[in-house]
Amino acid sequence: MASAVNRWHDAIGYPLQTISENFMITVTDLKKTYHMGDIEVNALNGVSFEIKKGEFVAIMGPSGSGKSTLMNLIGCLDTPTSGTYVLDGDMVSQLDDVELAAARAAKLGFIFQQYNLLPRQTALRNVELPLIYRGISGAERHRRAAAALEIVGMKERTDHKPNELSGGQQQRVAIARALSGSPSVILADEPTGALDTKTSAEIMDILQRLNREQGLTVVLVTHEYDVAAYAGRVLTMRDGELVGDEKQTPRMTTQVVTMAGVAGK
Amino acid sequence: MATNIATLEGRGTTKSASSADIVFAPLQGSGSVSWSEIARTAFDSLLANRVRSFLTMLGVIIGVASVVALMALGDGASQSITSQIQSIGTNLLFIAPGQLNRGPGSGNIAAQNLSLDDYEAIVALKLPLNGVAPVAQTGGTLVAAAADKQVSIVGTTPSYAPLHSFEMAAGTFFDEVQARDGTAVVVLGANVAKDLFGSGQAVGQTVRLNGQPLRVIGVLKAKGGGGFGSVDDNAFMPIKYAQQRFANMRTADGNKYRVSSITLSVTNAQDIEGVQGRISALLRDRHGLDSDGSEDDFTILSQAAFLSTLNTITGLLTAFLAAVAGISLLVGGIGIMNIMLVSVTERTREIGLRKAVGARSRDILLQFLVEAVALSLTGGLLGLALGFMVATLVTLSGVLTASVSLFSVSLAVGFAVIVGLFFGIYPAQRAAKLNPIDALRYE
């Protein structure tokens with residue numbers, strides 16, 4: 001466990017304290033214990049790592065490895081049993097419900113396997129949702145949501161409802177929704193799990209571009225090596241512990257699939 | 001950064017540089033959801049399930065409509081009764097022989113112990129009255145040239161007319177001279193004149209009563225039913241004439257003229273009780289009753305007391321009906337709670353998502369509470385419209401004038417909102433407490 005972190009520290013070559021302001025995510029000895037009746041389940045058993053600003057990190061592991069629990073903690077959807085979590089300079093591991101909601105709104109953008117778009121709302125309205133909860137007024141909200149849809153190549157589909165869109169298009173809208181609140185980190189939980197290979201590549205291409213060209217930190221949970229290959233670093237979980245932390249050369253999309261180009265069809 | 005943006009979007013569109021600038025510009029928000037957004041989301045959600053929303057509202061619609069309509073009908077009935085009683089006259093007291101208050105069978109309707117002398121003694125008291133009039137009542141058949149009619153004969157004095165707010169359709173009421181002399185003249189109620197003479201001129205004609213001729217000197221304007229036999233079916237003549245022409249005008253001992261009743265109008269409403277007391281004392285004294293609390297052998301009815309009793313009864317009846325209608329409002333509220341609980345379950349994923357993108361528990365609570373209140377308030381307003389329609393239909397049908405009061409409107413709508421809040425709070429709390437992780441995983 002500790003060796004994995006140390007290994008990465010060695011790799012980047014300087015001690016934790018001096019570079020902490022360059023870290024987007026700092027997790028130290030994070031534990032999460034669930035009580036199921038009398039049985040205690042250690043879903044997360046002391047996990048520590050840092051993610052630098054602008055990194056593209058994939059978290060891998062079989063089901064039950066604790067990667068979803070870790071994702072929930074990173075996503076401020078849950079609080080750890082013990083340990084600390086610093087997100088973009090703020091200690092969020094001890095926040096209450098209201099403060100966690102504020103942290104989610106201000107710093108995080110979520111992308112889910114099942115897209116989770118509101119079925120009766122247009123794409124634009126779906127993308128506006130995070131802005132509504134931040135109290136952004138009508139015209140500004142509209143402008144930002146439309147711009148976010150343009151970035152993911154869905155400019156022509158702003159008035160479509162989810163059931164009028166393909167899975168890949170829905171996931172693009174979901175990415176636009178994650179972007180619209182101007183987040184520091186994009187958290188993607190199996191974002192291509194429901195998509196075919198070609199569409200998966202398109203979605204990964206968008207995430208990779210956002211990471212490379214906008215400097216967005218992206219944290220991706222997946223169990224597919226093909227998908228993890230787009231990341232610059234892979235954390236591997238097993239039995240509630242971090243067992244692997246490898247830097248890699250990210251795979252670049254070979255097809256020339258432009259975001260705007262796909263949307264234009 | 002600008003060059004990077006150009007790379008990102010440059011291949012497809014020309015305006016791309018600005019879109020990334022817009023999205024990644026710092027956000028300045030108020031930090032809380034605006035009310036208009038909450039309301040919009042609530043109505044979106046209700047409109048998405050139109051039939052279900054309408055069926056849910058139906059309980060509140062029916063509840064509010066019945067409260068509004070029943071209160072309007074109750075008020076209308078009460079006003080109609082009051083105005084009919086007030087059309088008899090104002091501040092009236094009626095003195096009748098015997099005890100009328102003891103219920104059917106026990107009273108001595110045929111009591112004949114109220115005499116013209118009693119009337120004169122009351123006049124001699126010089127009470128603060130607008131007027132006082134004795135009534136000697138009997139029945140008879142008026143015969144005219146073309147028709148005859150069974151009527152109620154009222155022998156009285158000229159002061160009877162202003163006491164009962166009579167208005168003349170033609171001619172005049174008899175005067176003091178005619179009353180004192182017992183002149184053979186008669187004033188006809190509207191129906192009597194119409195039945196005897198049709199649309200022709202009645203005043204100046206002669207009718208016969210027990211073979212004796214009576215000159216018609218006046219016809220009253222129609223007053224409509226008063227609940228005690230309409231004056232429209234009466235014939236009025238000097239009391240002295242009636243006493244001389246009818247055999248049954250004597251008291252039991254045969255020494256005095258009997259009267260069927262004495263009507264008097266008190267000048268000021270606050271004097272009614274005092275006047276009633278003094279007359280009661282006078283009559284007990286005159287009738288030789290002990291002051292030990294034995295029963296009166298006469299009855300004094302006060303119009304004011306009668307009215308207030310009547311208003312109490314109609315008020316109680318209205319309140320009772322409104323309460324029954326209120327129960328249907330309550331049932332409607334339970335319907336709202338039920339459907340809101342279903343809605344919370346159905347939208348578990350949506351709630352999870354909203355929380356994930358930054359909604360606080362408070363935002364979710366407010367969202368579902370506003371939806372519940374929107375249901376009940378919309379139902380309340382529709383019910384109000386329905387209640388108005390029912391009241392208007394009843395008024396148009398002519399049965400009575402049902403007027404919807406501001407009080408019943410605010411009561412019904414206010415109650416509807418309270419029902420929404422009360423029955424909406426539990427489902428809303430359930431929604432607000434949902435854990436976003438569990439909610440997002442919910443299938």
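1. Two residues count as in contact when their C-beta atoms, placed from the backbone, lie within 7 Å. Take Val68(B) in this predicted model. Beyond its neighbours within four places in sequence, Val68(B) is in contact with Gly383(B), Leu384(B), Gly387(B), Phe388(B), Val404(B), Ser408(B), Val409(B) and Ala412(B).

2. Val68(B) also belongs to the largest nonpolar core, which has 134 residues. Ile59(A), Leu149(A), Ala176(A), Ile186(A), Val64(B) and Val68(B) touch the most other members. Helix H4 of chain B, residues 50–86, supplies the largest share of this core, 13 residues. Another core lies apart from it and has 56 residues, including Leu114(B), Val187(B), Val207(B) and Val266(B).

3. Now chain B as a whole. Chain B has 15 helices and ten strands. Its radius of gyration is 37 Å, whereas a compact globule of 443 residues would be near 22 Å. Along the principal axes, the C-alpha atoms of chain B fill a box of roughly 125 × 60 × 35 Å. Of its 443 residues, 39% count as buried. Among contacts in chain B between residues at least 6 apart in sequence, 79% join residues at least 24 apart.

4. Chain A offers a sheet to look at. The sheet is open, with six strands in the order E6-E7-E8-E3-E9-E10 and mixed pairing. Its edge strands are E6 (108–111) and E10 (241–247) of chain A. From one strand to the next, the twist averages 20°.

5. Inside that sheet, E7 (residues 185–189) and E8 (residues 217–221) of chain A pair in the parallel sense over five bridges. Val185(A) has Thr217(A) in E8(A) as its bridge partner. Helix H3 of chain A, residues 67–74, packs on the sheet and touches E3, E7, E8 and E9 of chain A. The direction of H3 makes about 150° with that of E8(A).

Definitions and conventions
Residues are numbered from 1 along each chain as its sequence is written. Chains are lettered from A and ligands numbered from 1 in the order in which they are written. This is a predicted model: local features need pLDDT of at least 70, side-chain atom pairs count only at pLDDT 80 or more; totals for chains, interfaces and linings use all residues. Helices (H or I, at least four residues) and strands (E, at least two) are DSSP runs, numbered from the N terminus. The radius of gyration is taken over C-alpha atoms; the globule rule is 2.2 Å times the number of residues to the power 0.38. A residue is buried if 20 or more other C-beta atoms lie within 10 Å of its own, exposed if 12 or fewer, and partly exposed in between; C-beta atoms are placed from the backbone. A nonpolar core is a set of buried Ala, Val, Leu, Ile, Met, Phe, Trp, Tyr and Cys residues joined through C-beta atoms within 7 Å. Two strands pair if DSSP finds at least two bridges between them. Axes are lines fitted to C-alpha atoms, for helices over the stretch in contact, and angles run from 0 to 180 degrees between N-to-C directions.
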